[in-house]
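Reader: Hey, I've got a protein to look at and I'm a bit lost. Can we go through a few spots together?
Author: Sure, let's pull it up.

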Amino acid sequence: MASKLRILIVDPIHIKLRNYMEKNFIVTIKHPITQQELIDCIKKYDVLILRSGAQVSSKFIEQAKHLRAIIRAGTGVDNIDLQSLRETDILFYNTPSTNSRAVAELSFGLIHCLFRHIKHASTEIEANIWNKKLLMGFELTNKSLGLIGFGSIGQEIARIAKGYDMQVSCTVSHYTAERAADLKTKGITLFDNLDVLMAFNDILVVCCPYIESTKNLLNKNNLCYLQPTSILINVARGGVVSEQDLYRSLVNGDIYGAASDVFEREGQFSPLFTLDNFIGTPHIGAMTNESQEKISDLIIQFLEEKILK
């Protein structure tokens, strides 16, 4: 019976989904939860709902004796050991593309904050300091924007950029002449070389998946290709950009500024936070009411079709 199914939720979820869960299941919410606490208690539950906070490791899977499904209320799967999971009967479900617009809009919020000194201006005006003449910024019209990755988020960013009359280019993991020709018809340049993309653009947005080949993809060996007037935005995963190398570039003035919604060690202090030309947000890319409601609808559909049937 559905009423006997035990659900463990270890990350914040939308109120719509929470109400549905509490109506149809026996729900336990443990947030925050340590990795060891999760491993110790998971044998009690039938379904786990998580986001990016917890890790589904092989050790965890070994203890998930009664688990029927793992639901990732979001897109990324870098915290899921999919290979170990495939060797079990546990169902896995995530919700790709639901947060694309939300992340794309946040990207432009971060771009504006950097180019218009919004963080600095707000801090000063709270202290009744009016340095208007020292806060000269930049418009986005006619600027060049480069995308590292061109999945659903990258494509959404490109659509918004076109509204600013920006020049858009990108790199992807597998370059083909056919795809380059197709993107050209849409006014987007596909580069087959990351270094060239970085040197070419005023704004660089990292929006690729975090996999082994993208670990520390941006580091001291290629950050040097950015211009002193360029900015870097990371809305992918923390491990894609070397924070140590980015810190050095910002301190030295090698790039104009940077912003990131993701970090190598989320929930912990980073030296980047001390810099005036850096803006950080606590992984809020998907945290819009609209995005979370879409995720809720998809998870409810999955539960009704696969768990409650």
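Author: One definition before we start: angles under 35 degrees count as roughly parallel, over 145 as roughly antiparallel, 65 to 115 as roughly perpendicular, and the rest as oblique. Also, keep in mind that this is a predicted model.
Reader: Okay, so at what angle do H5 and H7 cross?
Author: Their axes cross at roughly 50° and come within 8 Å. H7 covers residues 152-163, and H5 covers 100-115.
Reader: And what does that make H5 and H7 to each other?
Author: Oblique, because an angle of roughly 50° falls in none of the other ranges, and that is how H5 and H7 are classed.
Reader: Is the crossing of H5 and H7 right-handed or left-handed?
Author: Right-handed.
Reader: Which residues meet there, between H5 and H7?
Author: From H5 you have Ser 100, Arg 101, Val 103, Ala 104, Glu 105, Ser 107 and Phe 108. They meet Ser 152, Ile 153, Glu 156, Ile 157, Ile 160 and Ala 161 of H7. By class, that contact has seven nonpolar, three polar and three charged residues.
Reader: Cool. New topic: where is His 117?
Author: In the loop between helix H5 and helix H6, with H6 running over 118-126.
Reader: Is His 117 buried or exposed?
Author: Buried, because its relative accessible area is 19% and the cut-off for buried is under 20%.
Reader: What does the side chain of His 117 reach?
Author: The backbone oxygen of Met 136, at 2.9 Å. Setting aside neighbours within four places in sequence, His 117 is in contact with His 112, Leu 135, Met 136, Gly 137 and Tyr 256.
Reader: Let's jump to Asn 234. Which strand is Asn 234 in?
Author: Strand S10, residues 231-234. Asn 234 is buried too, with a relative accessible area of 4%.
Reader: Which backbone atoms lie by the side chain of Asn 234?
Author: The backbone nitrogen of Ala 236 is 2.9 Å from a polar atom of that side chain. The backbone oxygen of Arg 237 lies 3.2 Å from a polar atom of the Asn 234 side chain.
Reader: And which residues is Asn 234 in contact with, leaving aside neighbours within four places?
Author: Val 206, Val 241, Ala 259, Ser 260, Asp 261 and Val 262.
Reader: Last one: what does the side chain of Asn 94 reach?
Author: The backbone oxygen of Thr 75, at 2.9 Å. Asn 94 itself is in strand S5, residues 91-94.

Definitions and conventions. Residues numbered from 1 in each chain as written. Predicted model: local features only at pLDDT ≥ 70, side-chain atom pairs only at ≥ 80, totals over all residues. Heavy atoms only, no water. Helix = DSSP H or I, 4+ residues; strand = E, 2+ residues; numbered from the N terminus. Buried < 20%, exposed > 50% of the residue type's maximum accessible area, 1.4 Å probe, protein only. Polar contact = N/O pair within 3.5 Å; in protein donor to acceptor, adjacent residues only side chain to side chain. Contact = heavy atoms within 4.5 Å. Axes fitted to C-alpha atoms, helices over the stretch in contact; angles between N-to-C directions. Left-handed = near helix turned anticlockwise from the far one by under 90°. Nonpolar A, V, L, I, M, F, W, Y, C, P; charged D, E, K, R; others polar.
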